[in-house]
Structures are given as C-alpha cells and as structure tokens.
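Trainee: I have a new model open and would like to learn how to read its features one at a time. Could you go through them with me?

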Amino acid sequence: LPTPPARLPYVPHVPPMALLGKVTATTFALERPLCVFDGHADASDAVWLAVAFANASATFRNPRSRAEVPPYKQLPTARSYMTLETAAATYSCSAPSPPVLRVGGDTACRDQGRQDPCNGPLPSPGPYRVKFLLMGCSGPKAETRWSEPILLRRAVSPGTIDPAPTRRGSDVVVIASILASLGAVLATAVLGALGVKAWGSLCRQDLGTDAFTRRSYRTHHIPPVLPRPPPPGCGCSPPGLC
Amino acid sequence: MAKSDDCIHILQGLLVFGNVVIGMCGIALTAECIYFVSNPHGLYPLLKATENNDIYAAAWIGIFVGLALFALSILGIIGVIKASRTLLLVYIILMLITFAFEMASCITAATHRDSLTPSLFLKQMLERYQKSDPASNSDKEVTKTWDKLMLQNHCCGVLGPSDWQEYESAFRVMHNDADYPWPRKCCVLDAQGLPVNLDGCKLGVPGYYNSNGCYDAISGPVNTHAWGVAWFGFAILCWTFCVLLGTMFYWSGIEY
C-alpha cells in the first residue's frame, strides 16, 4: 500500500495585503506556499492546487497518479479539480517570485478546451476550499490542510441603484424662496403703483405733494396789473405830489 | 425747492449707477453662460444621456437674459435722465419679464444640480459604457466621454474600480471578469497606451491601476457651472430688485 501523504500544517489563504482584485467574481488570489514543501519535495516533484466546492472538500480523494488528476472541465460534475501544476522548486524558500498566485486567470484554456491543467475561471461564486498537493512519480507525497471557504463576489443588477437625491439641498430652498418673494413684492409694487395712478386719474384728484420732477410746467398767463389812472382833477406834474 | 432738487439728482444718480451695474452684470452673465454652454470639460454627453440637461437650458436662458439686462439698463439710464414716464414704464415692464426668466433659470440650475448624484452617473455608466450594440448615438458618446475622462483624470468608475465588481454592467456582458475585472483604461498606461503591468492591474496592486473614482472630476465642473448660473443670477436679481423699486418710486413721482 502506498504511504499516505504527509499532512503539513500550512493552511492556504487569500493574501492579507490590500489588493482590490484579490477576490473577483470568477477568480481569487492565494498567497504562495513558500518554504512549505522544503524537506518533502524532490527536484522532479510538482505541486498542484486542488480546488473543490466547500461542501465537497470532505469527499475529495487524492489522485494516485498524474493520470488520475481531475481536470478543470469536470468541475461541475466532480465538484473539484486540480490545477496550477508547478515545479516544487518554484516554492522553495530561496526562489524569488511574485508573492501571490491567481486562480482562474487563464481564459484561453477554457475556450480552447486543452487537456493540460487549466487554470480557468471559476463558474460560480462558490464557496470553494483549496489545498496544495505535492505529487511525485508514485503518487501524492504531501498535502496541506484545506483552506477556509472562499466566497467569490456576486454582482447585483444596476437596477437596484436608486438615482434620486437623498435630500434636497438647502441652497435650492434659499434661492427659490427669496426669489419668489422678491418677485411677488415687485409684481405687487408695480400693480399697486399702476392701480393708484389709474384710480387717481379716474377720480381727478390732486395726489398730494410729491412735487419733484416737473417734466413740463404749464404756465398760467397772469396779466400784469395796470397801475390805476390818477383821479382826474389833480394837475400835478410829478405823480402823487400835489 | 433746492433741497428736493438735490434729492431728485441724488435719486437719478443712484438709479443711473444701479443701471450701469446691471448692464455690466448682464454682460458678465452672458459671457459666463457662453463659457458653460461651450462644454469646456467635455461632460455634456453624460448630462444629455441622463435626460436631465436642464442645467444647459438654464445657461442658454442666462445668455439671453444677460443681453436683455444690458439693453434694458441702457433704456433705463436714458429714461431716468430724460425723466420720461413712457420710457420708464416700458423699462419696468420689460425688466419684470426678464426678472421672471432669470428667476426660472436660477431655480432650474439649482434644482437640477441636486439631482446629479453619484448614483445617477453610476447607473448610467453601468448600463451604457461599452454597450455591445449601442442603441443610439448617445451610448457611443457616453463610452467616448468615459474613456476620455478616465484617461485624462487617471480615475476609474464613479466611486472606484470596485463599481465594476459590485454591479453587473453592459461592460461585463462583453468582457469576462477574469481578463477584465475593470476596463483597461483603469490601468496605469505607458506612453503607447498599453498597461504598464497587466497582471498587476488585474490583481489590483497599488501603483498599477487607478484606484480613485471619477465622480470628483465630474461633479467639480458641473457644480461650478450650476452654482455660477444660480448664485450669480440670484445676486443680479437682488440688485435688480432694489433698482426696480427705486425706479418705480421715481416713476411715480414724475408728473406730466
């Protein structure tokens, strides 16, 4: 009987650093399992990533050889698959490498249906659990623990967005109320002035003493008062001195 | 008599001064509204697509109101100096009509500014950006405007790139999530227009994608536009109110 694979205490997880795309609707990122397989891996071994639906992880059976590895396109039926076959040396302590792995980033292999391990996008939001499996020529040699369930993002329809403003701004109220009152005052003043003038000219009343600007001044001709002729009988030559 | 002559002259002087200010403000309002209508920031297609471009209607009204104010102020100055009842009556009535139009313009600009919320632009962007078979020209215009906006302001989405993740969109129908978590224009691009680091952009590594939203780049110019029309018009109307009251008082004192 082949020896059961060594259970390593490492738990795969989504990287803790702030990456906006670490979990999207069809992909997720994992921290690289650096230094995890040192001491268990030979040069020819490969590390695989097993991805399973969270409720199917308990029933996942490690494949006994490379030929039995469940491929990507069996995910809907077998509820699990294995991907990201990488040489064990890539995960050794001294290997320089980018710090994250992206699961689901390869859309070309999904469309072309190749038989190679395909890192295709995940078809549903999950949740999924993953573990790393070290496979040698004779079968699995070591495995990590299953990760916590990883739930992918679910997008909602934009019809749920309500574009109405949450509250009416106070500026609008100020402008509208002040302008409306100014307009009303002006309209009243004009109507009032016109009305008063019309009423005044109808009743022919002299409207008080707002006596400024005279546009035209009707002049009244005041005939000059002629001096009274002296009473007859006084023949004085200088007038008034008799 | 001499004292009331002085009062007359002071009132005439004040009215002429008031009308000069109205004339100058009218020209300024026309110039400001022409500037806004000329669409300097290229945001007109977005506003037109919201079917709510009353801010532009308010600016158009502002152009004509400004010219009317200028012409009426000249009429007012002539009427005050010649102390002509007819001219001043015509002036008052036409000014009231202009007052009403400008009032409409101010209130429209202020009200519709309030309705331009981030949610409105978000919904429009999700439904129209890169729509696969654009139903109308306005969809193509929306796409071009957004591309230009994201490129020039180094921003992504309305609130951020996560807009494309949180909501389904017309963009998502055409571009799968694994290759395009957000549009390529959200990535930091080099001189040739290609992403500097595509994998970094897809993962959301800081420095390889634009993390801030474009709402500030939209609301800044739109706010300036709306408040420029609304508050400047409001100030002109307050001043015009005082001048009109003075003119009515002067008019009622003129006797034939």
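**Reading the model**

Mentor: Let us start with a pair of side chains in chain A: Asp42(A) and Lys141(A) meet in a salt bridge, at 2.9 Å from N to O. Please keep in mind throughout that this is a predicted model.

Trainee: What is the general idea behind such a pair?

Mentor: Side chains of opposite charge can pair when their charged atoms come close. In this case the pair links distant parts of the chain, since Asp42(A) sits in the loop between strand E2 (28–31) and strand E3 (46–53) of chain A, while Lys141(A) belongs to strand E7 (residues 139–143), 99 residues apart. The two also take part in a network of salt bridges that includes Asp45(A).

Trainee: Are Asp42(A) and Lys141(A) buried or exposed?

Mentor: Neither word fits, because a residue between 20% and 50% relative accessible area is called partly exposed. Asp42(A) counts as partly exposed at 46% relative accessibility, and Lys141(A) also counts as partly exposed, at 26%.

Trainee: How many salt bridges are there over all chains?

Mentor: A search of the whole structure finds ten. One of them joins Lys144(B) to Glu141(B), with the closest N and O atoms 3.7 Å apart, and both residues lie in helix H6 (residues 137–153) of chain B, three residues apart, which is about one turn of the helix. Lys144(B) is exposed, with a relative accessible area of 55%, whereas Glu141(B) is partly exposed at 29%. In another, Asp139(B) pairs with Lys131(B) at 3.8 Å between the closest N and O atoms; here Asp139(B) is buried, with a relative accessible area of 3%, while Lys131(B) is partly exposed at 31%.

Trainee: How should I read the layout of chain A, and which elements does it have?

Mentor: A useful habit is to count the elements and then follow their order. Chain A has three helices and seven strands, and from the N terminus on they run β-β-β-α-β-β-α-β-β-α. Of the 242 residues in chain A, 37% are buried.

Trainee: Where does UniProt place a "transmembrane region" in chain A?

Mentor: The annotation, from an unreviewed entry, covers residues 172–196 of chain A. In the model this span is 100% helix and 0% strand, with its end C-alpha atoms 36 Å apart. For chain B, UniProt gives the feature, again from an unreviewed entry, at residues 12–37, 57–81, 88–110 and 229–251. Among them, residues 88–110 are 100% helix, with end C-alpha atoms 32 Å apart, and residues 229–251 are also 100% helix, with end C-alpha atoms 31 Å apart.

Trainee: Which residues make the nonpolar surface patch of about 430 Å²?

Mentor: The patch is made by Val90(B), Ile93(B), Leu94(B), Ile97(B) and Phe101(B). Val90(B) has its place in helix H4 (residues 85–114) of chain B and is partly exposed, with a relative accessible area of 39%.

Trainee: How is empty space found, and what is the volume of the second largest pocket?

Mentor: Rolling a probe the size of a water molecule over the atoms shows where empty space is left. The second largest pocket has a volume of about 350 Å³. Of the 14 residues lining this pocket, the closest to its centre are Pro98(A), Val100(A), Asp199(B), Gly200(B) and Leu203(B). Two elements give two or more residues to the lining, strand E5 (100–103) of chain A and helix H9 (198–203) of chain B, and H9(B) gives the most, with four residues.

Note on methods:
Residues numbered from 1 in each chain as written. Chains lettered and ligands numbered in written order. Predicted model: local features only at pLDDT ≥ 70, side-chain atom pairs only at ≥ 80, totals over all residues. Heavy atoms only, no water. Patch = residues over 30% accessible without salt bridge, like charges linked within 9 Å, V, L, I, M, F, W, Y side chains within 5 Å. Areas by Shrake-Rupley, 256 points an atom, 1.4 Å probe, with all protein chains shown as cover. Salt bridge = Lys/Arg side-chain N within 4 Å of Asp/Glu carboxyl O. Buried < 20%, exposed > 50% of the residue type's maximum accessible area, 1.4 Å probe, protein only. UniProt positions renumbered as here; feature names shortened; annotations may be inferred. 1 Å grid on protein atoms, 1.4 Å probe; cavity = no way out; pocket = protein on both sides within 12 Å on 5 of 7 lines; lining within 4 Å. Points joined across faces, edges and corners; volume = space filled by probe spheres on them.
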